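Please open the model in your viewer and keep the sequence panel beside it. The tour below goes from the whole chain to single residues, with a selection to make at each stop.

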Amino acid sequence: PSGYRLCASTDEAHDHPIYCVAFSPAVHQNDDDGSNKSALQCFSTCAGQYIHIYEVHTADNKQEKSLMVRQVYCDVDDEEEFYTCAFGGRGITEGKANNATINQSKAIYIGDNKGKQSKGTKRQRVNDDHCSTIHNLSLRQGPPLLCVAGKRGMIKVIDTVLQSLVMTLLGHGDSVNDLKCNPTNKDLLLSGSKDHSIRLWNLRHGQMIAIFAGHDAHRGEVLGLSWHYSGTKFASSAFDNTIKLWNVSDNSIAEQSEKEGPIQAAIRRSFEMERGDKFKAAIEQTPYFSTDSIHELPGCVDCVQFVGDLILSKSVQNVVVLWKPVVTNEDFATFNTIYPNYINENRKNNDRIKSKVIFLRDFTVDNCDNWFIRFGSPSPYNEILALGNHEGEVKVWELMGNEDDDEDQDYFGDNDGILCKLKTGGSTVRMVAIAGKCLVAVCDDSSVWMFEAIE
């Protein structure tokens, strides 16, 4: 795109910061009037104890997009505060979410029987009693499930067609900051927590598959997660200012022998298990790569994303860094060419945990020294990078430049490929998400801003 323009905005009826926005991978066709068909995208936001699901309509014969709230969920626990949401797995019911517009006065409650219903409103209560008959999702045919988590450390999984909580995933000992579903197997969900651990879940059976924590793992709360496009490995970032890369399917044991690695075997067993079977989660303490040299101290790395085999990461120093982990022999040869004078006697090419990096490009943004502000760069092509700040601005870059760029251009200089700058209402932009031609920014003042790409 040549830029973006504002096409819709709305304020959610609560006083909580909106920490997360996530698009559903499913796109429907809406032809309710029997005449004009339009593409239908959905995305979710979470703030406080509320979860909103929006529909984005794009009619074939119109240039403008419209934004509509379709469902609102409210946790019965008044102290819950959701920090993250993600679509993954499949529901058991075919169809799409109820398309009758609703708002917070008709919110669907999720949680347990201890919650109290507000007086003067008629709200459907959805609690754990609904879970017993639909816990096994092995015969799922419906649209993606919605997973949400936050302060209480419980991951709640919602079927948006049934408008029901279908399972609660328990295991973390503190708040959950990020959720990410595997791009090649949507039944696999990653969660990162304040308890310093990362956990891998099977959404089909509600089973915890593996725990990534221990001696070589993070020493601070995990803030960001990102799957590699292959679904075989992932990146994590944390309050300890480190970024770690973990193998899931192509771990070192599997590479050195014909046997499965422990994580690979645990994933397979989680899909073969029957309801009621005992299951022992695998434990992985050692990533295959770890570095704390990308961002300066003091700080924390609150957002990370794979871009092919490269990495984007952000801390609180007003910069997003694009870099390459040095993990293969070819990487080491390139590293030694770029940094011929690099001296580190304690780290050689055969280190137990590799740590060298090749810096590629900086993306600078003003007024972005708050933590837990997250950028957006749509997979798998990652052509665009967008990040907000605490002044309500969103900066958009062409991630890899364009054909007109000077071959000798220094990407660490001032000419950093800015595509455009967007304005919201002036409050801190907590997260930006991009899908197709839509860019959505969510803010601390409970506002949602949708921009459309200009071709």
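What follows is a series of selections, each with a short account of what is found there.

**The whole chain**

Begin with the entire protein chain, bearing in mind that this is a predicted model. Colour it by secondary structure, and three helices and 31 strands can be picked out. Of its 455 residues, 56% count as buried, while the accessible surface comes to about 20300 Å², with 45% of that area belonging to carbon and sulfur atoms. If contacts are restricted to residues at least 6 apart in sequence, 61% of them join residues at least 24 apart.

Next, colour by confidence: the chain averages a pLDDT of 83, and 78% of the residues score at least 70. Select residues 345–350, where pLDDT stays under 50 and the model has eight contacts beyond four places in sequence. Then select residues 407–415, another stretch with pLDDT below 50, which has 12 contacts in the model beyond near neighbours in sequence. Where pLDDT is low, the predicted coordinates should not be read in detail.

**The nonpolar cores**

Which residues touch the most other members of the largest nonpolar core? Select Phe43, Ile51, Leu146, Ile158 and Val440, which hold that place among the 38 residues of the core. Strand E5, residues 50–59, contributes the largest share of this core, with five residues. Apart from this core lies another, of 20 residues, and Ile198, Leu200, Ile209 and Phe234 are among them.

Stay with Val440 and display its surroundings: leaving aside neighbours within four places in sequence, Val440 is in contact with Val21, Phe23, Phe43, Met431, Val432, Ala433, Val448, Trp449 and Met450.

**Tyr73 in strand E6**

Move to strand E6, residues 65–75, and select Tyr73 within it. Tyr73 has a relative accessible area of 0% and is therefore buried. Its contacts beyond four places in sequence include Tyr50, Ile51, Ile53, Ile108, Ile110 and Ile158, as well as Asp159, Thr160 and Gln163. A C-alpha to C-alpha distance drawn from Tyr73 to Tyr50 reads 5.7 Å, although the two are 23 residues apart in sequence. The side chain of Tyr73 also makes a polar contact with the side chain of Gln71, at 2.6 Å.

**Ser237 in strand E18**

Now select strand E18, residues 233–238, and within it Ser237. Is Ser237 buried or exposed? With a relative accessibility of 0%, Ser237 counts as buried. Its side chain reaches the backbone oxygen of Val301 at 3.0 Å. Beyond four places in sequence, the residues in contact with Ser237 include His218, Val222, Leu223 and Gly224, together with Thr242, Ile243, Val301, Asp302, Cys303 and Val304.

**The cysteines**

Select the cysteine sulfur atoms next, and note that the structure holds zero disulfides. Cys368 is in no disulfide, and the nearest cysteine sulfur, that of Cys303, is 9.9 Å away. Cys368 counts as buried at 1% relative accessibility.

**Helix H2 and its cover**

Select helix H2, residues 262–272, and show its buried residues, which are Ile263, Ala265, Ala266, Ile267 and Ser270. An α-helix has 3.6 residues a turn, so residues three or four places apart point the same way. To see what covers the buried residues of H2, add strand E14 (188–193), strand E15 (198–202), strand E16 (207–212) and strand E20 (282–284), which are included in that cover.

**Backbone geometry in three loops**

Most residues other than glycine have a negative phi, and most peptide bonds are trans. The last three selections can be viewed against that background.

- Select Leu297 and Pro298, which are joined by a cis peptide bond with omega about -5 degrees; Pro298 sits in the loop between strand E21 (289–291) and strand E22 (303–307).
- Select His196, in the loop between E14 and E15, where a residue that is not a glycine has a positive phi of about 75 degrees; at a relative accessible area of 33%, His196 is partly exposed.
- Select Phe372, in the loop between strand E25 (357–364) and strand E26 (384–388), whose phi is positive and near 65 degrees; Phe372 is buried, with a relative accessible area of 6%.

Definitions and conventions. Residues numbered from 1 in each chain as written. Predicted model: local features only at pLDDT ≥ 70, side-chain atom pairs only at ≥ 80, totals over all residues. Heavy atoms only, no water. Helix = DSSP H or I, 4+ residues; strand = E, 2+ residues; numbered from the N terminus. Buried < 20%, exposed > 50% of the residue type's maximum accessible area, 1.4 Å probe, protein only. Polar contact = N/O pair within 3.5 Å; in protein donor to acceptor, adjacent residues only side chain to side chain. Contact = heavy atoms within 4.5 Å. Core = buried A, V, L, I, M, F, W, Y, C linked by side-chain atoms within 4.5 Å. pLDDT = per-residue confidence, 0-100. Areas by Shrake-Rupley, 256 points an atom, 1.4 Å probe, with all protein chains shown as cover. Disulfide = S-S within 2.5 Å.
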